[in-house]
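Trainee: Please take me through one part of this molecule slowly, and show me how its neighbourhood fits together. I am new to this, so plain steps would help a lot.

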Amino acid sequence: MNAVQDPRWAPHATVATVVVDGGRVLLVEETIDGRQVLNQPAGHLEPGESLAAAALRETREETGWTVELTAFIGCYQWTAPDGTAFLRFCYAARPLSHDPDQPLDAGIDRALWLDPTELQAAGPRLRSPLVWQVVADYLAGQRHPLSLVQEVA
C-alpha cells in the first residue's frame, strides 16, 4: 500500500528557529550519513510538547543558546528525496544568553553564525531546501504573530 493511501500515514512534525543577531544567522553544522550539512536549530516535536516549546528546546540543545521567540515565520511542507514527508513549523527568535559549556546534541558538530550571503552560497551543504527558504522568507519580512499557532488543551 502506498503511504499516501494508508490512513495511518502522517508526516514528521518538526520545528526550526531562525535566530538573527547583528545581521548573522545562527546555524548548526551536523553530520548526516557521513556528510557535514548546515541547518537551523531544528528537530522533531516530542509527545506532549507545544511547537513553541519544541523550538526553544531544540535551539538550546543544538546550540547552547537560550532564545526568545519573536514571531512565527510559517509552516513548510516538504518531501525528502527518500519520500519522507515533513511539516516544518518555523519561528523567529532573538538570542538571550549562551552556555558555551552545554554539550550539544548527538550529531551536532558545532553551532556557528553566518551572514545570509554565506548561507545562500552554501547551497549544496544545506540539509534541505527549507534551510534557505525559511531564512529568505524571514529576510523578506515574513513574520506572523506567535498567537497564529494555537495550542488547544
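Mentor: Leu45, Glu49, Ser50, Leu51, Ala52, Leu69, Tyr91, Leu146, Val149, Gln150 and Glu151 line the second largest pocket of this model, which is a predicted one. That pocket holds about 170 Å³ of space. Sort its lining by class and you get seven nonpolar residues, two polar and two charged. How do we find such spaces at all? Rolling a probe the size of a water molecule over the atoms shows where empty space is left.

Now let's turn to the largest pocket, with about 560 Å³ of space. Its lining counts 25 residues, and those nearest the centre are Asn39, Trp78, Phe86, Arg127 and Ser128. Two or more lining residues come from each of these elements: strands E1, E2, E3 and E4 (42-44), helix H1 (51-63), strand E6 and helix H3. By class, the lining is made up of 11 nonpolar, six polar and eight charged residues.

Pick out Asn39 from that central group, and you will find it in strand E3. Is Asn39 buried or exposed? Its relative accessibility is 6%, and buried means under 20%, so Asn39 counts as buried. Its side chain has polar partners: there is a polar contact with the side chain of Glu30 at 3.2 Å, and another with the side chain of Arg88 at 2.9 Å. Setting aside neighbours within four places in sequence, Asn39 is in contact with Leu27, Val28, Glu30, Arg88, Arg127 and Val131.

Val131 leads us on to helix H3, which spans residues 129-139 and buries Leu130, Val131, Val134, Val135, Asp137 and Tyr138. Viewed down the axis of H3, these buried residues fall within an arc of 160 degrees, so they line one face of the helix. What covers them includes strands E1 (12-21), E2 (24-32), E3 (35-39), E5 (65-79) and E6 (85-98), along with helix H2 (116-121).

Look at the two ends of H3 next. At the N-terminal end, Ser128 acts as a cap, with a side-chain oxygen 3.1 Å from the backbone nitrogen of Leu130. Ser128 is also one of the residues nearest the centre of the largest pocket. After H3 comes Gly141, with a positive phi near 95 degrees.

A positive phi turns up again at Asp33, where the value is near 50 degrees and the residue is not glycine. That is worth a second look, because most residues other than glycine have a negative phi. Asp33 sits in the loop between E2 and E3. With a relative accessible area of 82%, Asp33 is exposed.

Let's finish with helix H1, the home of Glu61. Which of our three labels suits Glu61: buried, partly exposed or exposed? At 24% relative accessibility, Glu61 counts as partly exposed, because that label covers values between the 20% and 50% limits. Beyond its neighbours within four places in sequence, Glu61 is in contact with Gln102, Pro103, Leu104 and Asp105. Compare the chain with the fold here: Glu61 and Pro41 are 20 residues apart along the chain, and their C-alpha atoms are separated by 8.5 Å.

Key:
Residues numbered from 1 in each chain as written. Predicted model: local features only at pLDDT ≥ 70, side-chain atom pairs only at ≥ 80, totals over all residues. Heavy atoms only, no water. Buried < 20%, exposed > 50% of the residue type's maximum accessible area, 1.4 Å probe, protein only. Helix = DSSP H or I, 4+ residues; strand = E, 2+ residues; numbered from the N terminus. Arc of directions from axis to C-beta. Contact = heavy atoms within 4.5 Å. Polar contact = N/O pair within 3.5 Å; in protein donor to acceptor, adjacent residues only side chain to side chain. 1 Å grid on protein atoms, 1.4 Å probe; cavity = no way out; pocket = protein on both sides within 12 Å on 5 of 7 lines; lining within 4 Å. Points joined across faces, edges and corners; volume = space filled by probe spheres on them. Nonpolar A, V, L, I, M, F, W, Y, C, P; charged D, E, K, R; others polar.
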